[in-house]
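Open the model in your viewer and keep the sequence panel visible. The tour goes from one selection to the next.

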Amino acid sequence: MLVLRLLNVVAPAYFLCISLVTFVLQIFVFIPSMFRDTSTTSLCSPALLHGTLFLFLSANALGNYVLVIQSSPENLGKDLNLGRGAEVADWLDGSRSPGSALPRTHFCRLCARVTQRHDHHCFFTGNCIGSRNMRNFIMFCLYTSLACLDSLVAGMAYISATLSMSFVDPLAFLTLLPHSISQFFSGALLSSEMFVILMLYLWLGIGLACAGFCCHEMLLILRGQTRYQVQKGMVVRARPWRENLQEVFGKKWLLGLFIPVQNVESSYRRQKDK
């Protein structure tokens, strides 16, 4: 448990550091290098278009990241009769689940609360993913993968111009890292250029991981399932996929695709108010 709590602090710090490094490289290295192309007009310059696209992707990724943390799944345990003494100890030990009193709930030991439609505990946000912040989490994964892809393309263009190399051959990217390491230790490659090359592979890994995770979560949403239900082998009631999407994305789904918008309240809260 101590290792998990430590990871709950280290992972968000790691994500924020990567985001800061990416922002610095884009604004102060990649985009200024694009302004050297004088063959295009100022309004249609690659630097301006790329800068606008990067800021849009970054704003959506960080905006949804903040909303995932801010829109924490509500603690349903406050509304349940959880008991005291030995019963609470059983819940904390995992032998009993206080969320068993309500359907589709789970007790997270790291967050110490009962959440509805619990999917998983995300260490990069230090928060549980549930009914209130699932849509923001999906958007966060989507725009993070797109921002990494955008940074990867811009970084490859910068390396191609700096080192006078071409990435037309698909094997050029695969052999770039070992070739660059040998050049770096021989003194033929600057440390700044080597750092950018390492970031290329980091962006590729993060982008593929976020894209794969986003597709996996979307598949589960269409089926009306969560990762926790799949891991525990729970049987869910079959419903139309449109209802499953509306339950997660709500009525403002189109606006949420372009602007970080806080998700609607959970279905449990709406039923409770009724």
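## Annotated spans

In this predicted model, begin with the record: the unreviewed UniProt entry places the feature "transmembrane region" at residues 12–35, 47–68, 137–159 and 196–222. Select residues 12–35. This span is 96% helix and 0% strand, and its end C-alpha atoms are 34 Å apart. Now select residues 137–159, which are 100% helix and 0% strand, with 32 Å between the end C-alpha atoms.

## Helix H7 and its partner

Select residues 191–223, which make up helix H7. How far does H7 reach from its first C-alpha to its last? The 33 residues of H7 cover 48 Å, close to the 48 Å expected at 1.5 Å a residue. Step on to Gly224, which follows H7 and has a positive phi, near 75°.

Add helix H1, residues 2–34, to the view. H1 and H7 pack with their axes 12 Å apart, at an angle of about 125°. An angle between 115 and 145 degrees falls outside the roughly perpendicular and roughly antiparallel classes, so H1 and H7 count as oblique to each other. The crossing of H1 past H7 is left-handed.

## Aromatic rings

The structure holds 12 aromatic pairs. Show the side chains of Tyr14 and Phe124 for one of them: the ring centres are 6.5 Å apart and the planes stand at 50°, so the pair is tilted. Where in the chain do Tyr14 and Phe124 sit? Tyr14 is in helix H1, while Phe124 is in the loop between strand S3 (120–122) and strand S4 (127–129), so the pair links parts of the chain 110 residues apart. Tyr14 is partly exposed at 38% relative accessibility, and Phe124 is also partly exposed, at 40%.

Next select Phe137 and Phe140. This aromatic pair is tilted too, at 6.4 Å centre to centre and 45° between the planes. Phe137 and Phe140 lie 3 residues apart in helix H4 (residues 134–163), so about one helical turn separates them. In general, an α-helix has 3.6 residues a turn, so residues three or four places apart point the same way. Are Phe137 and Phe140 buried or exposed? Both are buried.

Keep Phe137 and Phe140 selected and add Phe15, Tyr65 and Phe213: these five residues form one aromatic cluster.

## Across to Trp203

Stay in helix H4 and pick Val153. Val153 counts as exposed, at 52% relative accessibility. Now draw a distance from the C-alpha of Val153 to that of Trp203: the two residues are 50 residues apart in sequence and 9.8 Å apart in space.

## Two positive phi angles

Most residues other than glycine have a negative phi. The last two stops are Arg117 and Ser164, neither of them a glycine.

Select Arg117, in the loop between strand S2 (113–116) and S3. Arg117 has a positive phi of about 50°. With a relative accessible area of 6%, Arg117 falls under the 20% limit and is therefore buried.

Finish at Ser164, in the loop between H4 and helix H5 (170–174). The phi of Ser164 is positive as well, at about 55°. Is Ser164 buried or exposed? Ser164 has a relative accessible area of 68%, which is over 50%, so Ser164 counts as exposed.

Definitions and conventions
Residues are numbered from 1 along each chain as its sequence is written. This is a predicted model: local features need pLDDT of at least 70, side-chain atom pairs count only at pLDDT 80 or more; totals for chains, interfaces and linings use all residues. Side-chain values use heavy atoms; hydrogens and water are left out. UniProt positions are given in the numbering used here, feature names are shortened, and annotations may be inferred rather than shown by experiment. Helices (H or I, at least four residues) and strands (E, at least two) are DSSP runs, numbered from the N terminus. The expected span of a helix is 1.5 Å times one less than its number of residues. Rings of Phe, Tyr and Trp (its six-membered ring) pair if their centres lie within 6.5 Å; planes under 30 degrees apart count as stacked, over 60 as edge-to-face and the rest as tilted. Buried means under 20% relative accessible area, exposed over 50%, partly exposed in between (1.4 Å probe, protein chains only). Axes are lines fitted to C-alpha atoms, for helices over the stretch in contact, and angles run from 0 to 180 degrees between N-to-C directions. Angles under 35 degrees count as roughly parallel, over 145 as roughly antiparallel, 65 to 115 as roughly perpendicular and the rest as oblique. A crossing is left-handed if the near helix is turned anticlockwise from the far one by less than a right angle, and right-handed if clockwise.
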